[in-house]
Amino acid sequence: MKNDQLVENARKNRNFDLNLLIIFETIFVHKSVTQASLVLNVTPSAISQSLSKLRAYFSDPLFIREGNKLYPTTASENIYGRLKDGLNRIRQGIDYFSDSEVKNSFVIHASPYLGVRLLPNVCAEIENKNLNFHISNIYTDNAEDNVEDILLHRKADIVFGTKPFYNFSIISEKIIIDDIVAVCSKNHHYLATSLTKGKMSGNNAIYLAHNQKEILKTQSDIENYYTNRNFIFSSNSIITNIAVTEQTNAVSFIPKWFYEKFEKNFNIKTLDCDFNIEPIIIYMAYNKNSLRNNSFTSLLDIIKINSSPLSTTPHINALPLNI
């Protein structure tokens, strides 16, 4: 019966080129014919021709152009929803019989801060153990690029971020809890050792510019608490924010680890706050299928060993702070 079903399915789909599904998925993810052509290493004309075939087959435009991007129609969203898990299982099956088991080159998606926070010790441990690994660090602050896209489309092997991710094909686990401290210049004209809501009112402030919804939510929470701050600078780099902080009377909030690592390099000091500060939780995500690779599991062990222990500091009724 199963063989008969396979034959029947093959007969139904004999006129459909399954390669078109890969092209459809790539356009869906990257929202661009040009970008899809670069990813698949074919000409934009070939991608456009394939898209025309897909539109004819599904009797739907599939994508609507708005500016420089292609946005999926409702039918396209439904098609992708049904296809993505199946395509991922196909990739996993192919990977299982490929040379992935001996793969020693790994791509880690981590922000510049997390790269400094984690990767030096990880690389030192790899060197000490004389492991034949090659680690590449990439990062994009694009809100459209999420964990699922990065991992399922093999843009990276491991993703670090502030948001947990739940998927049958992906493991997401807590790896670091970073306590947060308020800092200002040692030469601040009136902030000596403490920071209160009253002292912060009207004072200059700096924040970390970021597109992640979690960071935007935190910034909103801070604005609701400090209703009269004077923002003079923002950057997506913590180190740039601190360099500005030491030369001004602005207050910034940064990870405690970063302060302890670089306090001797910057003219800054910590301030005792009149409220508890919610720690920042960092998650590590990766494909379950990668656990078949012994080299990959060795890398995970090294990362976990070289991550800080979970914070034991109580944070009762804490207010989330932007870093």
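Residues 24 or more positions apart supply 78% of this protein's contacts, counting contacts with a separation of 6 or more. The model is predicted. The protein holds 12 helices and 15 strands. Of its 323 residues, 41% count as buried. About 17,800 Å² is exposed, and carbon and sulfur atoms supply 51% of that area.

**The five-stranded sheet**

One open sheet has five strands with mixed pairing. Their order is β4-β3-β5-β14-β6. Strands β4 (134-138) and β6 (170-178) stand at the edges. Each has a single partner strand, so one side of each is left without a neighbour in the sheet. On average, neighbouring strands of this sheet are turned by 20° against each other, direction ignored.

Inside this order, β3 (residues 105-109) and β5 (residues 158-161) pair in the parallel sense. Two bridges join β3 and β5. H109 has V159 of β5 as its bridge partner.

**Helices on the sheet**

Helix α12 packs on the sheet and touches β3, β4, β5, β6 and β14. The direction of α12 makes about 170° with that of β14. Helix α6 (residues 112-128) lies across β3, β4, β5, β6 and β14 (280-287). Helix α6 runs at about 105° to β6.

**K304 in α12**

K304 sits in helix α12, which spans residues 294-305. Its contacts, leaving out residues up to four places away in sequence, are E173, I175, M284 and Y286. M284 lies 20 residues from K304 along the chain, and their C-alpha atoms are separated by 9.7 Å. Is K304 buried, partly exposed or exposed? At 37% relative accessibility, K304 counts as partly exposed. The cut-offs explain this, because partly exposed covers the range between under 20% (buried) and over 50% (exposed).

**Two positive phi values**

Most residues other than glycine have a negative phi. K31 departs from that sign, with a positive phi near 55°. L62 has a positive phi near 70°. Where do K31 and L62 lie? K31 is found in the loop between α2 (19-30) and α3 (33-40). L62 is in the loop between α4 (44-58) and β1 (63-66). K31 counts as buried at 17% relative accessibility. L62 also counts as buried, at 0%.

The table sets out the accessibility of the three residues discussed.

| Residue | Relative accessibility and class |
|---|---|
| K304 | 37%, partly exposed |
| K31 | 17%, buried |
| L62 | 0%, buried |

Technical notes:
Residues are numbered from 1 along each chain as its sequence is written. This is a predicted model: local features need pLDDT of at least 70, side-chain atom pairs count only at pLDDT 80 or more; totals for chains, interfaces and linings use all residues. Side-chain values use heavy atoms; hydrogens and water are left out. Helices (H or I, at least four residues) and strands (E, at least two) are DSSP runs, numbered from the N terminus. Buried means under 20% relative accessible area, exposed over 50%, partly exposed in between (1.4 Å probe, protein chains only). Contact means heavy atoms within 4.5 Å. Accessible areas come from the Shrake-Rupley method with a 1.4 Å probe; for residues, only the protein chains shown count as cover. Two strands pair if DSSP finds at least two bridges between them. Axes are lines fitted to C-alpha atoms, for helices over the stretch in contact, and angles run from 0 to 180 degrees between N-to-C directions.
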